[in-house]
Amino acid sequence: MAAIHDDVLGNLDAGQSSGTRLDILAADPGLTYATVTANSLGNSTAAMTGPVTATSGNGVMISFPAIAAGTVTNTSTANFWAITSTASSKVIASGPLSSGQAVTSGNTFSLDKVNLFIRDATTA
């Protein structure tokens with residue numbers, strides 16, 4: 001299950017526009033920035049911004065764009081992703097990949113777009 005920083009829940013527009021880096025990790029980093037930076041297997045610094053879209057009456061969805069050529073910096077199995085704001089040393093959101101992927105240092109990685117669905121409080 002994805003983890004979403006409280007600041008994003010309070011200001012969805014800020015959440016979708018403040019992500020500056022996506023990391024892949026072997027273990028779940030939760031919302032701890034130091035865990036992401038210490039355990040990153042690779043990253044992409046492509047702009048991590050996307051639209052906030054209302055859903056069918058029960059919440060909103062933030063879509064972060066796909067990654068085409070992230071840089072792998074360590075060899076292991078990537079099981080999780082984390083979107084961070086390097087300016088504020090904050091994890092915007094993190095979650096599991098659909099399946100683990102072996103990665104090798106020096107290679108590149110790709111990742112489909114990430115959709116975060118946030119239910120309205122009244123329908124949770």
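1. A pocket, as the word is used here, is an open set of grid points, where a 1.4 Å probe fits, with protein on both sides within 12 Å along at least five of seven lines. Its volume is the space filled by probe spheres set on the points. The model under review is predicted, and the remarks below should be read with that in mind.

2. The largest pocket holds about 330 Å³ of space. Its lining consists of 16 residues, and those nearest the pocket centre are Leu97, Ser98, Ser99, Ser110 and Leu111. Three elements each supply two or more lining residues: strand 7 (76-85), strand 8 (90-103) and strand 9 (108-111). Strand 8 gives the largest share, seven residues. Sorted by class, the lining contains nine nonpolar residues, five polar ones and two charged ones.

3. On the overall fold, the chain contains three helices and 10 strands. Their order along the sequence is β-α-α-β-α-β-β-β-β-β-β-β-β. Of the contacts between residues at least 6 apart in sequence, 73% link residues at least 24 apart.

4. On burial and surface, 39% of the 124 residues in the chain are buried. The accessible surface of the chain is about 6,300 Å², and carbon and sulfur atoms account for 50% of that area.

5. Two residues of strand 2 (residues 21-25) deserve a look, beginning with Leu22. Leu22 counts as buried because its relative accessibility is 0%, and the cut-off for buried is under 20%. The C-alpha atoms of Leu22 and Ala46 lie 8.0 Å apart, with their positions 24 residues apart in sequence.

6. Ile24 is also part of strand 2. At a relative accessible area of 3%, Ile24 is buried. Which residues does Ile24 touch, not counting those up to four places away in sequence? They are Asn39, Ser40, Leu41, Gly42, Ala78, Phe80, Val103 and Phe109. For one of these, Phe80, the C-alpha separation from Ile24 is 5.7 Å, although the two are 56 residues apart along the chain.

7. Ala78 belongs to strand 7. With a relative accessible area of 2%, Ala78 is buried. Beyond its neighbours within four places in sequence, Ala78 is in contact with Ile24 and Leu25, with Leu41, and with Leu97, Ser99, Gly100, Gln101 and Val103. The partner Ile24 lies in strand 2, and Leu97 and Ser99 are among the residues nearest the centre of the largest pocket. Ala78 and Leu41 are separated by 37 residues in sequence but by 7.0 Å from C-alpha to C-alpha.

8. Ser94 sits in strand 8, the element with the largest share of the pocket lining. Is Ser94 buried or exposed? Ser94 counts as buried, at 1% relative accessibility. The side chain of Ser94 comes within reach of the backbone oxygen of Gly30, at 2.8 Å. That distance falls inside the 3.5 Å cut-off for a polar contact.

9. Ser89 is the residue to check for backbone geometry. Its phi is positive, about 50°, although Ser89 is not a glycine. Ser89 is located in the loop between strand 7 and strand 8. Ser89 is partly exposed because its relative accessible area is 45%, which falls between the 20% and 50% cut-offs.

Notes:
Residues numbered from 1 in each chain as written. Predicted model: local features only at pLDDT ≥ 70, side-chain atom pairs only at ≥ 80, totals over all residues. Heavy atoms only, no water. 1 Å grid on protein atoms, 1.4 Å probe; cavity = no way out; pocket = protein on both sides within 12 Å on 5 of 7 lines; lining within 4 Å. Helix = DSSP H or I, 4+ residues; strand = E, 2+ residues; numbered from the N terminus. Nonpolar A, V, L, I, M, F, W, Y, C, P; charged D, E, K, R; others polar. Buried < 20%, exposed > 50% of the residue type's maximum accessible area, 1.4 Å probe, protein only. Contact = heavy atoms within 4.5 Å. Areas by Shrake-Rupley, 256 points an atom, 1.4 Å probe, with all protein chains shown as cover. Polar contact = N/O pair within 3.5 Å; in protein donor to acceptor, adjacent residues only side chain to side chain.
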